[in-house]
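This briefing covers how two helices pack and what surrounds two residues beside them. The sequence and structure come next.

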Amino acid sequence: MTSLGPERDLFSPRGRDAPIEPRNVNRSFAHRCQRAGFRTIRVHDTRHTCGRLLAVLDVHPRTAMQILRHSQISITMEVHTEVSTRSGRPWSV
């Protein structure tokens, strides 16, 4: 991977001088879900899954905020509050 420069803060695979096209990322992700036998979801949904798992695992909200790269703790707390009002088991999320 090569950097496309600090002004764009993007990386390119295999040394190309262009960023990865979002549609290609989505297609690749869908293909990998299918090959693994998983239900196909949007790439963005993996962020929600990660947030909910962090909450279920009792990861401190500030740490979860850093992992999820939220700009405000209130966004992270919405995820933690939603999970805590349920049974807290990952299979009930």
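Which residues in helix 2 meet which residues in helix 3? In this predicted model, Arg-47, Cys-50, Gly-51 and Leu-54 are the helix 2 residues, and they meet Ala-64, Ile-67 and Leu-68 of helix 3. By type, the residues of this contact are 5 nonpolar, 1 polar and 1 charged.

**Geometry of the helix pair**

- Two packed helices are described by the angle between their axes and the distance between the axes.
- Helix 2 spans residues 45-56 and helix 3 spans residues 61-68; their axes come within 10 Å and cross at roughly 160°.
- Angles over 145 degrees count as roughly antiparallel, so helix 2 and helix 3 are roughly antiparallel to each other.
- The crossing of helix 2 and helix 3 is right-handed.

**His-70**

- His-70 sits in the loop between helix 3 and helix 4, the latter covering 73-85.
- His-70 counts as buried because its relative accessibility is 15%, and the cut-off for buried is under 20%.
- The side chains of His-70 and Arg-47 make a polar contact at 3.5 Å; Arg-47 is also one of the helix 2 residues that meet helix 3.
- Beyond its neighbours within four places in sequence, His-70 is in contact with Arg-47, Met-65, Ile-75 and Thr-76.

**Thr-76**

- Thr-76 belongs to helix 4.
- With a relative accessibility of 1%, Thr-76 counts as buried.
- Leaving out residues up to four places away in sequence, Thr-76 touches Pro-61, Ala-64, Met-65 and His-70.
- Met-65 is in contact with His-70 and is also touched by Thr-76.
- Ala-64, touched by Thr-76, is among the helix 3 residues that meet helix 2.

How values were computed
Residues numbered from 1 in each chain as written. Predicted model: local features only at pLDDT ≥ 70, side-chain atom pairs only at ≥ 80, totals over all residues. Heavy atoms only, no water. Axes fitted to C-alpha atoms, helices over the stretch in contact; angles between N-to-C directions. Helix = DSSP H or I, 4+ residues; strand = E, 2+ residues; numbered from the N terminus. Parallel < 35°, antiparallel > 145°, perpendicular 65-115°, else oblique. Left-handed = near helix turned anticlockwise from the far one by under 90°. Contact = heavy atoms within 4.5 Å. Nonpolar A, V, L, I, M, F, W, Y, C, P; charged D, E, K, R; others polar. Buried < 20%, exposed > 50% of the residue type's maximum accessible area, 1.4 Å probe, protein only. Polar contact = N/O pair within 3.5 Å; in protein donor to acceptor, adjacent residues only side chain to side chain.
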